[in-house]
Amino acid sequence: MNLPLLLGALAPAAFVLGWWASRRVGARRSGTAVSELSSDYFRGLNYLLNEEQDKAIEVFLKLAEYNRDTVETHLALGNLFRRRGEVDRAIRLHQHLVSRPGLSDSMKTVALLELGEDYMRAGLLDRAEALFTDLVVMNAHAPSALRHLISIYQHERDWHKAIEHARRLEVMTGEEETPMIAQFYCELADRSRQHGARAEARDYLQQAFDCQPDCVRAFMLTGRLQAEDDHHIEAVQAYEAAINADIAFTPEILPPLLNSYARSQQMERAEVFLREMLSRYHGISPVLALTHLYRQRDGERAAVDFLTMQLRQRPSVRGLMALIDATMDKIEGEVRENFLILRDLTKKLLEGQAMYRCSRCGFGAKAHHWQCPSCKSWSTIRPIHGVASE
Amino acid sequence: MRLIVIFILVIFIAAGVVLGALNADMVSYDLAFAQMRLPKGAALLSAMLIGWVLGGLTAWLGVSSERRRAQRELLRNAKNPPANP
């Protein structure tokens, strides 16, 4: 082959190669490659939204391999691993990110925050606490770190530290955390009460009232303290104030309130208060309390009449059970047997029923909790109103 | 991947050196305005280099003009947004 022919063949080939290489570099710079990345990202996101986490992880893993510098992809992957319960993988991924040289400070702090959450999920609270404390000191993602620290201290029941950090969070974000702080003081007051430190318990309750003047729990604890000290008139005042602060807690407050009415011989006041409650509160608890009061004062007949009349207005399984119990003594034979079956049935119906529900996450509970065991929010568990419950 | 690229590059450099050594005899070119004498290997290499550079330049010009047009269109749309149907 002579030289000019060879040159004539090679030069166009080189031209095509040069053109192709330039287009490739240009595409990478202009974002065509990025848009390929983004399409993968959105595909992953779509899987996430459709709750198909396995497929999402697959896509994100491919993305992370494709571009090792994409910190966000690694963060998303770590988050996914944590949510799936693969905490050890999430920890490894975030530790790798934190130790990566050349990572910007802002990204490093995000990775630290994520690592702290991994530790929390794995139950390594001491490590999580150290990480979040460092983040607060660095003033990087401090509000999130403070929130995590508060939840760690709540878990450890270290209420003093929880209060201290909640106050710092309040100053930092300007958001009001006083209802939560009032609950922490109530926890401290309850603990002191159980240990017999009554003066200390009163101090904590005062601080709870300073945070939230209409704190139901603080009123209830005050009532309990007064009742335990045989100061039933003051206990009645505290319990009544608790109901006035939040009428939804009536089923919780009425039993000790009735006890204090009886101990302080204020049954007329009890009747007036309960009668007034009937118009304000549509649950069955005040009706049952009044039925009990009428039974003691006016006899069984008056109590049953009152209960029957009220049950027509507010049908309730608990009310029906009280009515069955009240009429059991008057009946005999086959009818009594039938009533016994009916009573067992209603009892079983009530046993399987959740009486309280969290207004935030919908968690159902048979007993009352001040902090929701599911979403950990305070004072959101309330009695369920309905035929089978309150 | 990077290792493979380095390996191929080394092979091509070696081939270039061997080809240059085997084709060291001179050839003369008459470009009408100038005359020159070059080794055969150097002529081959320069032809390929010029082809590569010209190809790259053409592609770059094409891409950048496309991008400029798209930017102009975006700016025009931003200034006069299309009316909602």
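**Figure 1. Q310(A), a buried residue in a helix.** In this predicted model, Q310(A) has a relative accessible area of 4%. Residues under 20% count as buried, so Q310(A) is a buried residue. To find Q310(A), look for helix α17 of chain A, which covers residues 300-313. Which residues does Q310(A) touch, leaving aside those up to four places away in sequence? The answer is L278(A) and V287(A).

**Figure 2. T178(A), a buried residue in helix α10 of chain A.** This view turns to T178(A), which is found in helix α10 of chain A. Is T178(A) buried or exposed? With a relative accessible area of 15%, T178(A) is buried, because the cut-off for that word is under 20%. Once residues up to four places away in sequence are set aside, T178(A) touches E170(A) and C211(A). Try tracing the chain from T178(A) to L131(A) as well: the two are 47 residues apart in sequence. In space, their C-alpha atoms are 26 Å apart.

**Figure 3. The domains of chain A.** Let us step back for a moment. The domain assignment of chain A gives domain 1 (176-281), domain 2 (283-351) and domain 3 (353-390). The next two views look at domain 1 and domain 3 of chain A, whose C-alpha centres lie 20 Å apart.

**Figure 4. Where domain 1 of chain A meets domain 3 of chain A.** Here 13 residues of domain 1 of chain A are in contact with ten residues of domain 3 of chain A. The size of an interface is often given as the accessible area lost when the parts come together. For domain 1 and domain 3 of chain A, the area buried between them is about 1100 Å², and 65% of it is on carbon and sulfur atoms. Which three residues supply more than any other three of the area that domain 1 of chain A buries against domain 3 of chain A? They are Q183(A), F249(A) and E252(A), which supply 42% of that area.

**Figure 5. A salt bridge and polar contacts between domain 1 and domain 3 of chain A.** One salt bridge is found across the interface of these two domains. R382(A) forms a salt bridge with D246(A), and the closest N and O atoms of this pair are 2.6 Å apart. The same interface of domain 1 and domain 3 of chain A has two residue pairs in polar contact, both at pLDDT 80 or more. On the side of domain 1 of chain A that touches domain 3 of chain A, two or more residues come from each of α10 (178-194), α12 (216-228) and α14 (250-263) of chain A. The largest share, four residues, comes from α10(A). By class, this side of domain 1 of chain A has eight nonpolar, one polar and four charged residues.

**Figure 6. Where chain B meets chain A.** The last view moves to a contact between chains, with 18 residues from chain B and 15 residues from chain A. Between chain B and chain A, about 1300 Å² is buried, and carbon and sulfur atoms give 78% of it. How many salt bridges are found across the interface of chain B and chain A? The count is zero. There are, however, two residue pairs in polar contact between chain B and chain A, both at pLDDT 80 or more. On the side of chain B that touches chain A, β1 (26-30) and α2 (40-79) of chain B each supply at least two residues. The largest share of this side of chain B, 16 residues, comes from α2(B). Sorted by class, the residues of chain B that touch chain A are eleven nonpolar, four polar and three charged.

Note on methods:
Residues are numbered from 1 along each chain as its sequence is written. Chains are lettered from A and ligands numbered from 1 in the order in which they are written. This is a predicted model: local features need pLDDT of at least 70, side-chain atom pairs count only at pLDDT 80 or more; totals for chains, interfaces and linings use all residues. Side-chain values use heavy atoms; hydrogens and water are left out. Contact means heavy atoms within 4.5 Å. Buried area is the accessible area (1.4 Å probe) that two parts lose on being put together, summed over both. A salt bridge is a side-chain nitrogen of Lys or Arg within 4 Å of a carboxyl oxygen of Asp or Glu. A polar contact is a pair of N or O atoms within 3.5 Å; within protein, one must be able to donate a hydrogen and the other to accept it, and residues adjacent in sequence count only if both atoms are side-chain atoms. Ala, Val, Leu, Ile, Met, Phe, Trp, Tyr, Cys and Pro count as nonpolar, Asp, Glu, Lys and Arg as charged, and the others, Gly among them, as polar. Domain bounds come from an automatic or database domain assignment. Buried means under 20% relative accessible area, exposed over 50%, partly exposed in between (1.4 Å probe, protein chains only).
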